[in-house]
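Please load the model in your viewer and keep the selection panel at hand. The tour below goes from stop to stop, saying at each one what to select and what is there.

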Number of protein chains: 2
Amino acid sequence: MAQSPKILNAHPYLRQTLELVSDKWVTAIIYVLSQGTKRYGELHREIGEVSQRMLTRTLRDLERDGLVRREVYSTNPPTVEYSLTSLGETLVEPLRLLCQWSIEHFQEVETARKSKDNHR
Amino acid sequence: MAQSPKILNAHPYLRQTLELVSDKWVTAIIYVLSQGTKRYGELHREIGEVSQRMLTRTLRDLERDGLVRREVYSTNPPTVEYSLTSLGETLVEPLRLLCQWSIEHFQEVETARKSKDNHR
DNA sequence: CCGGATCCTATCTGATACTG
DNA sequence: CAGTATCAGATAGGATCCGG
């Protein structure tokens, strides 16, 4: 009764990691920042569809998680630069592997979807 | 005006892949199924906290995406077995890399969170 | 045993307007 | 330029009941 496998519990951080990575904007931000330091406005333009609210909120989360560094320069108008921390850099490689999978295999997913949809 | 980098658009499948993978239960199911064929009830017990509704819904999605195979045996009571397709198997490795990251680095995320929380 | 259908709530997210 | 505040709509997820 007290015994149940619950495999994911063997990797207590995995679900938390997947939740972190699975955020709608996290990967977009990490990808853009993997190319170098960016100002707030640059991030906004390069990601494109994101709202100010969500961009700011996600950046704050990433900063809190130690993945992104935020530096404010008291110029006028203000300048704020964002960059990956060394911890943030370690996430780039795993993400690129998922990216690789998406290039190699996602078309098969699309094909499967269409095929199934035609059978209804 | 018509020009904006939008880096993620260079990998049109990446966001879709991340959305697929980021589903709350998808990775749990793939992990359990990576150990072999399971019946519905086994999946339910091993994942544990998932509701019937969500387990069924997620399995249907994964079937539609061609990642999971569903086989029904007209016994009484009915038997339904789930397993990974070969396409589904290809996702196990990328997921294990994220798992690896979580083991190696997630504690740093926790530390960062605590450190930041103390400073407020 | 497997899972469809319905109802309901919490959360997430965008739109909009305003500020140092 | 780089945000904050507020509001409202969409959506995800759980609980529950019912059926083959």
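Helices (H or I, at least four residues) and strands (E, at least two) are DSSP runs here, numbered from the N terminus, and a residue counts as near a strand of DNA if one of its heavy atoms lies within 4 Å of that strand. The model is predicted, so local features need pLDDT of at least 70 and side-chain atom pairs count only at pLDDT 80 or more, while totals for chains, interfaces and linings use all residues. Residues are numbered from 1 along each chain as its sequence is written, chains are lettered from A and ligands numbered from 1 in the order in which they are written, and side-chain values use heavy atoms, with hydrogens and water left out.

**First stop: DNA strand D**

Select helix 4 of chain A, which gives the most to the surface near DNA strand D, with four residues. Around this strand there are 18 residues, of which A:Gly41, A:Gln52, A:Arg70, A:Tyr82 and B:Arg53 come nearest.

Now show the side chains of A:Gln52, A:Tyr82 and A:Arg39, and look for polar contacts (pairs of N or O atoms within 3.5 Å; within protein, one must be able to donate a hydrogen and the other to accept it, and residues adjacent in sequence count only if both atoms are side-chain atoms). A polar side-chain atom of A:Gln52 is 2.9 Å from a base nitrogen of DNA strand D. A:Tyr82, by contrast, places a polar side-chain atom 2.6 Å from a phosphate oxygen of the strand, and an N or O atom in the side chain of A:Arg39 is 3.0 Å from a phosphate oxygen of DNA strand D. Two or more residues of this surface come from each of helix 3, helix 4 and strand 3 (79–84) of chain A, and from helix 4 of chain B.

Of the atoms of DNA strand D within 4 Å of the protein, sugar or phosphate holds 59%, and the rest belong to bases. Coloured by class, this surface has eight nonpolar, four polar and six charged residues, where Ala, Val, Leu, Ile, Met, Phe, Trp, Tyr, Cys and Pro count as nonpolar, Asp, Glu, Lys and Arg as charged, and the others, Gly among them, as polar.

**Second stop: DNA strand C**

Move to DNA strand C, where A:Arg53, A:Met54, B:Tyr40, B:Arg60 and B:Arg70 come nearest of the 19 residues around the strand. Of the strand's atoms that come within 4 Å of the protein, 57% are accounted for by sugar and phosphate.

Select A:Lys24, which has a polar side-chain atom 3.3 Å from a phosphate oxygen of DNA strand C, and then B:Gly41, where a polar backbone atom lies 3.0 Å from a phosphate oxygen of this strand. At B:Arg39, an N or O atom of the side chain is 3.3 Å from a sugar or linking oxygen of DNA strand C. Helix 4 of chain B gives the most to this surface, with four residues.

**Third stop: between chain A and chain B**

Hide the DNA and select both protein chains. How many residues of chain A are in contact with chain B? With contact meaning heavy atoms within 4.5 Å, 51 residues of chain A meet 52 residues of chain B.

Next, find B:Asp65 and A:Arg113, whose side chains form a salt bridge (2.6 Å, N to O); the term requires a side-chain nitrogen of Lys or Arg within 4 Å of a carboxyl oxygen of Asp or Glu. Two salt bridges are found across this interface, and eight residue pairs, both at pLDDT 80 or more, are in polar contact. Helix 5 (86–118) of chain A is among the helices that supply at least two residues each to the side of chain A that touches chain B, and its share, 20 residues, is the largest.

**Last stop: two cis peptide bonds**

Most peptide bonds are trans. Select A:Asn76 and A:Pro77, where the bond is cis, with omega near 5 degrees; A:Pro77 sits in the loop between strand 2 (68–73) and strand 3 of chain A. In chain B, a cis bond joins B:Asn76 and B:Pro77, with omega about 5 degrees, and B:Pro77 lies in the loop between strand 2 (68–73) and strand 3 of chain B.
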